[in-house]
Amino acid sequence: MKRRQFLGTSLAGMGGLLAGCGGGEGDSSSGGGMTGVPPVTGDALPEGQPLRPLAALPNESGQAEQFSGTLAAAPTLATLIPGQSTAMWLYNGVIPGPLLELREGQHVRIRLDNRLPQDTTVHWHGLLVPPDQDGNPMDPVRPGASRIYEFDVPTGTAGTYWYHPHAHQTVAEQVARGLAAPLIVRADDDPLAHLPDVTMFVSGLRLDRNAQISAHSPMDWTLGRQGEALLVNGGRLPVHTVRPGTTQRWRILNATSARYLRIALDGHTLTLVGTDGGLLAAPIAGLSEVLIAPAQRIEVLVTVDATPNARYRLRALRYESEFMGLGTYRDDDLLTLATSAEPSAVPADIPQSLRPIAALGVPSAQQRVELSESMGMGMMGGGMFGFLINGRSFDMNRVDLTTVQGRVELWDIVNNTSMDHPIHIHGTQFQLASRAVAGVVTPAPHLAWLDTVNVPSRQSATIKVRQTMPGKRMFHCHILEHEDAGMMGVLEVRPS
Ligand code: C2O
Ligand code: CU
Ligand code: CU
């Protein structure tokens with residue numbers, strides 16, 4: 001009862017903060033104070049330029065079976081708004097960072113040069129990389145230092161991934177400043193190889209009135225960073241022009257820190273063909289929308305309308321993540337799909353089956369992961385709420401859960417908080433088994449490989465999960481502010 005009252009009071013306080021920021025008179029440079037959530041100047045970003053193709057990181061090895069490359073994480077002045085420069089932190093000076101295009105079976109060797117004024121790491125989100133090569137917060141690369149990440153890309157892992165920093169308590173800031181990039185693993189036997197393949201990397205950008213990356217506010221540390229301009233391949237509302245009638249494969253990545261993207265395309269339905277870990281067993285056609293939680297990726301097929309010279313909007317529909325109405329995410333437009341003046345293309349063949357997905361076997365152990373709220377944690381710039389996993393805040397020197405290499409487990413992820421959390425586990429692709437709402441259990445509609453599952457407020461998700469390499473893995477909420485504020489745990493995988 002007391003707790004509930006306290007919650008009410010704190011929320012009233014936040015309502016005031018929200019109202020206060022509406023005027024937009026906040027001091028943009030102070031950053032993170034109780035007053036003045038910095039104004040968004042996303043409106044000043046140029047809009048409507050052609051969708052940028054993503055520049056791939058060159059393979060320096062000269063051999064197909066080996067990928068060698070260099071990433072420098074460095075402060076960079078970028079021109080986002082004509083006539084103004086924005087101090088960013090970027091991989092190799094580009095927004096987003098270079099596309100890392102790998103092939104199944106390849107051996108990968110990438111050097112990271114850290115030219116940032118703080119620790120960083122590179123985490124290969126979703127890939128099956130050995131724990132000591134996966135950019136854990138326990139393995140920081142110090143300012144001015146370099147390290148080599150080395151791993152193999154297993155067969156069967158073709159899909160859409162991304163990479164981003166993962167040092168202790170600085171992930172949200174480093175990503176907000178620009179450090180995030182797409183990663184695609186290609187297969188030799190891709191059943192959709194005949195279709196044009198378009199990657200759409202969605203990231204968030206929030207600038208203050210001096211066109212600098214705005215600092216995190218206490219609201220950000222509570223709800224996750226909101227009110228950002230959404231960029232696709234680094235551009236605001238880009239135009240993607242295609243011949244009418246064309247069928248394309250779109251890989252859409254949610255690389256925002258906290259935005260739920262309910263994707264819908266005006267005048268079209270979407271055919272879902274892939275999730276985090278690659279293709280589904282069979283296409284799911286006729287979808288009017290698809291939800292991409294923070295950190296998730298989808299692959300969809302779009303058969304573009306046969307009308308020439310038409311325009312359609314790709315939208316991120318309003319999504320409410322509860323939290324007493326404060327965690328409400330506005331409607332936003334992502335991109336314009338434009339058809340050219342050419343005559344309509346002949347519709348492409350869509351295979352009815354894509355690849356087999358074997359169900360993970362019968363689980364031989366069960367784990368419980370309970371998400372809860374705590375009041376007045378005072379962490380990370382004064383956020384009023386902390387979010388905990390099994391009642392604890394992250395400690396990299398503690399082991400929270402243990403498993404055995406190769407063992408299939410059932411994880412019950414129970415969300416006892418008032419907002420949604422996208423829960424991510426490193427080093428594995430898992431399968432959703434069921435969801436439960438008020439005791440009513442619904443089995444997952446189809447098999448799919450996921451590394452992040454959204455667990456809505458007051459609901460639970462049960463997943464089947466298996467780790468294949470010994471060592472320490474992170475599991476956490478992928479609202480980056482929650483992760484930094486401690487909503488993360490360590491899973492120790494013991495050798496079998
Ligand atoms: Cu993409 Cu541990 O994160
Ligand atoms: Cu990850
Ligand atoms: Cu969270």
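In this report a donor is an N, O or S atom within 2.8 Å of the metal, and because water is not among the atoms, a site may look incomplete. The structure is a predicted model, and the description below moves from its copper sites to the chain as a whole and then to its pocket and cavities.

## Copper sites

By that rule, the copper ion written as ligand 2 has as its protein donors the NE2 atoms of H123 and H424, which lie 1.8 to 1.9 Å from the ion. The two residues come from distant parts of the chain, since H123 belongs to strand β5 (residues 123–125) and H424 to strand β27 (residues 421–425), with their positions 301 residues apart in the numbering. Both H123 and H424 are buried.

The copper ion written as ligand 3 is held by protein donors H421 (ND1), C477 (SG) and H482 (ND1), at 2.0 to 2.1 Å. Along the sequence these donor residues follow the spacing H-x55-C-x4-H. H421 is part of strand β27 and C477 is part of strand β32 (residues 471–477), so this pair ties together parts of the chain that are 56 residues apart in sequence. H421 has a relative accessibility of 0% and therefore counts as buried, and C477, also with a relative accessible area of 0%, is buried as well.

The table sets out the two sites.

| Copper ion | Protein donors | Donor distance |
|---|---|---|
| ligand 2 | H123 (NE2), H424 (NE2) | 1.8 to 1.9 Å |
| ligand 3 | H421 (ND1), C477 (SG), H482 (ND1) | 2.0 to 2.1 Å |

Two further residues can be described from their surroundings. H478 is placed in the loop between β32 and α4 (480–484), and with a relative accessible area of 1% it is buried. Leaving aside residues up to four places away in sequence, H478 touches H125, W162, H164, S257, P294, A295, P422 and H424; among these contacts, H424 is also a donor of the copper ion (ligand 2).

A172 is located in helix α2 and is buried, its relative accessible area being 1%. Its contacts, again not counting residues up to four places away in sequence, are H216, W221, L480, E481 and D484. For H216, which stands 44 residues from A172 along the chain, the separation between the C-alpha atoms is 8.7 Å.

## The chain as a whole

The secondary structure of the chain comprises 4 helices and 33 strands. Of its 496 residues, 58% count as buried. When contacts between residues at least 6 apart in sequence are considered, 77% of them join residues at least 24 apart.

## The largest pocket and strand β15

The largest pocket has a volume of about 700 Å³. Its lining is made up of 27 residues, of which L291, Q296, L432, R435 and H446 are the closest to its centre. Two or more lining residues are contributed by each of β15 (270–275), β16 (278–287), β17 (290–292), β18 (297–303), β28 (431–437), β29 (440–443) and β30 (452–455). By class, the lining of this pocket contains 15 nonpolar, 7 polar and 5 charged residues.

Among these elements, β15 can be followed through its pairings. With β16 it pairs in the antiparallel sense over 4 bridges, and the two strands form a hairpin with 2 residues between them; within this pairing, L270 has L287 of β16 as its bridge partner. With β18, β15 also runs antiparallel, the two being joined by 3 bridges, and here L272 has V300 of β18 as its bridge partner. In β15, 6 of the 6 residues are buried, so the strand is largely enclosed by the rest of the structure.

## The cavities

The count of cavities of 30 Å³ or more comes to 3. The largest cavity holds about 180 Å³ of space, and of the 20 residues that line it, V175, A176, G178, S203 and G204 are the closest to its centre. Helix α2 (171–176) and strand β9 (197–205) each give at least two residues to this lining, with β9 supplying the largest share, 4 residues. The lining of the largest cavity divides by class into 13 nonpolar, 5 polar and 2 charged residues.

Note on methods: Residues numbered from 1 in each chain as written. Chains lettered and ligands numbered in written order. Predicted model: local features only at pLDDT ≥ 70, side-chain atom pairs only at ≥ 80, totals over all residues. Heavy atoms only, no water. Donors = N, O, S within 2.8 Å, 3.2 Å for Na, K, Ca; no water. Buried < 20%, exposed > 50% of the residue type's maximum accessible area, 1.4 Å probe, protein only. 1 Å grid on protein atoms, 1.4 Å probe; cavity = no way out; pocket = protein on both sides within 12 Å on 5 of 7 lines; lining within 4 Å. Points joined across faces, edges and corners; volume = space filled by probe spheres on them. Nonpolar A, V, L, I, M, F, W, Y, C, P; charged D, E, K, R; others polar. Pairing = 2+ DSSP bridges. Contact = heavy atoms within 4.5 Å.
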